[in-house]
Amino acid sequence: MTAASGYPRIRVSGDPYERGLQYGTLARRQVRNGRDGYERNFAGNGIDWAGACALAERYAGPIRRHFPQIWRELEGIAAGSGLDVADVLAMNCRTEIMWERANRAASEAGIRGECTSFGLAPDRTAIGRTLIGQNWDWLVHSFDSVVVLEVEREDEPNYVTIVEAGLLAKFSLNAHGLAVGVNTLATTADIDTRGIPFHVLLRALVDCRTTYDAVELLAGVPRAASGNFLVGTPDGAILDIECEPGCVEGVHVLPAFGGQVAHANHFLSRTVASDLALTQLSDSYVRQQRMTDLLAARAEHTQDSLHAILTDHVGSPGSICCHPDSRTPEAKQWASICSIVIDPAEREVWLCEGIPCRTERRRISCAELLSGER
């Protein structure tokens, strides 16, 4: 289970609808792979595709109201891929759909497996530059749907995002040098249908210039679901922003301590609602401690030392380097889909396109795309 040929690298430009149209067209096969994978996964959780689309439709109004240009991107993706807007919306609301089901069935076996992220300030790296990175652990069907999406814009900063095709954004770096990492979180208060879906917020974050812009954005709109956003810039500003669904009272900001921050899939702050990690993401606790300890074990890290951390197997299969669990039905199996280390100052990404212990790292330079700030 690796992306042996590498994840496709595509570039789009134009107004929001045009960018979405090009994205959907150029990544049509990957978009449809993702849609079919989620149909299988949702069915395994008792939700047919029509039901998933109906659940997602509740978020159309909030998206159009708060982020009309992003809605136009969604419409373009649908047109380019030959799918209905309802299909693309359901894919972008997959977090909300899954966690609503999990809340209804909290006594069932947990999801297990998700992302483990980190941030290092310049004085904690051998090259003297900020590094933001993580493993992305997700459903194995995503091996067939990931793309490296490069976006050229006239009105906002250009950006690159490593994302499931059809989704708006995931792990990102923009022309301002703002890097964005992400972790799933969940509480008993998920889901707020008046809020903005998780992946729409990830897309909105690429418009930010600073880490405090990111805080203001996340606190300034209603959020549909919980989530963790790790943001950093070349000057060493690094923040971890834990969010519960709702408004400003559910935002918890954790600055880097000792030049480092690490995060898995449970809240490190005191939450308003109850954290579902205990029943749904129980492997998070070992991964959190391993990442924290392994980062602290060296005064300065290199790309090689970080790769060693991202291939750590303590607690396997739900380890930092995650492998499918044979006890889980195939449609629900997870693995590390890729490993990412972002160097915001150099505008480059080091990417393992598949399970990191089995995949060579590839350096992706984004300097040409991200050289100018708008």
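1. Residue D155 is exposed in this predicted model, as its relative accessible area is 52%. D155 belongs to the loop that runs between strands β4 and β5, the latter covering residues 159–164. Although 141 residues separate D155 from G14 in sequence, their C-alpha atoms are 9.8 Å apart in space.

2. Strand β4, formed by residues 146–151, contains V148. In contrast to D155, which is exposed, V148 is buried, because its relative accessible area is 1%. Beyond its neighbours within four places in sequence, V148 is in contact with P8, R9 and I10, with V160, T161 and I162, and also with L351 and I364. V163 lies 15 residues away from V148 along the chain, and the C-alpha atoms of these two residues are separated by 6.5 Å.

3. The overall fold may be considered next. The secondary structure of the protein chain consists of 12 helices and 14 strands. The radius of gyration is 19 Å, and a compact globule of 374 residues would have a value near 21 Å, so the protein chain agrees with that expectation. The C-alpha trace spans about 50 × 50 × 45 Å along its principal axes.

4. Of the 374 residues in the protein chain, 62% are buried. When contacts between residues at least 6 apart in sequence are considered, 67% of them join residues at least 24 apart. The exposed surface of the protein chain comes to about 13,300 Å², and carbon and sulfur atoms account for 50% of that area.

5. With regard to charge, the protein chain carries 36 positive and 48 negative side chains. The centre of the positive set and the centre of the negative set lie 2 Å apart.

6. Which residues of helix α9 are buried? In this helix, made up of residues 211–220, they are T211, A214, V215, L217, L218 and A219. An α-helix has 3.6 residues a turn, so residues three or four places apart point the same way. The buried residues of α9 pack against helix α8 (198–205) and against three strands, namely β8 (227–232), β9 (238–243) and β10 (251–255).

7. The cysteines deserve a separate comment. A search of the whole structure finds 0 disulfides. C321 takes part in no disulfide, and the nearest cysteine sulfur, belonging to C357, is 3.8 Å away. Why is there no bond between C357 and C321? The sulfur of C357 is too far from that of C321, because the separation is 3.8 Å and a disulfide requires sulfur atoms within 2.5 Å. The two residues also have different burial classes: C321 counts as buried at 0% relative accessibility, whereas C357 counts as partly exposed at 35%.

8. Two details of the backbone should be noted. The peptide bond from S316 to P317 is cis, with omega near 10°. P317 is placed in the loop between helix α12 (303–310) and strand β12 (334–343). R347 has a positive phi of about 55°, although R347 is not a glycine. This arginine is found in the loop between β12 and β13, where β13 covers residues 348–352. R347 counts as buried because its relative accessible area is 13%, which is under the 20% limit for that class.

Terms used: Residues numbered from 1 in each chain as written. Predicted model: local features only at pLDDT ≥ 70, side-chain atom pairs only at ≥ 80, totals over all residues. Heavy atoms only, no water. Buried < 20%, exposed > 50% of the residue type's maximum accessible area, 1.4 Å probe, protein only. Helix = DSSP H or I, 4+ residues; strand = E, 2+ residues; numbered from the N terminus. Rg over C-alpha atoms; globule rule 2.2 N^0.38 Å. Contact = heavy atoms within 4.5 Å. Areas by Shrake-Rupley, 256 points an atom, 1.4 Å probe, with all protein chains shown as cover. Lys, Arg positive; Asp, Glu negative; His and termini not counted. Charge placed at Lys NZ, Arg CZ, Asp CG, Glu CD.
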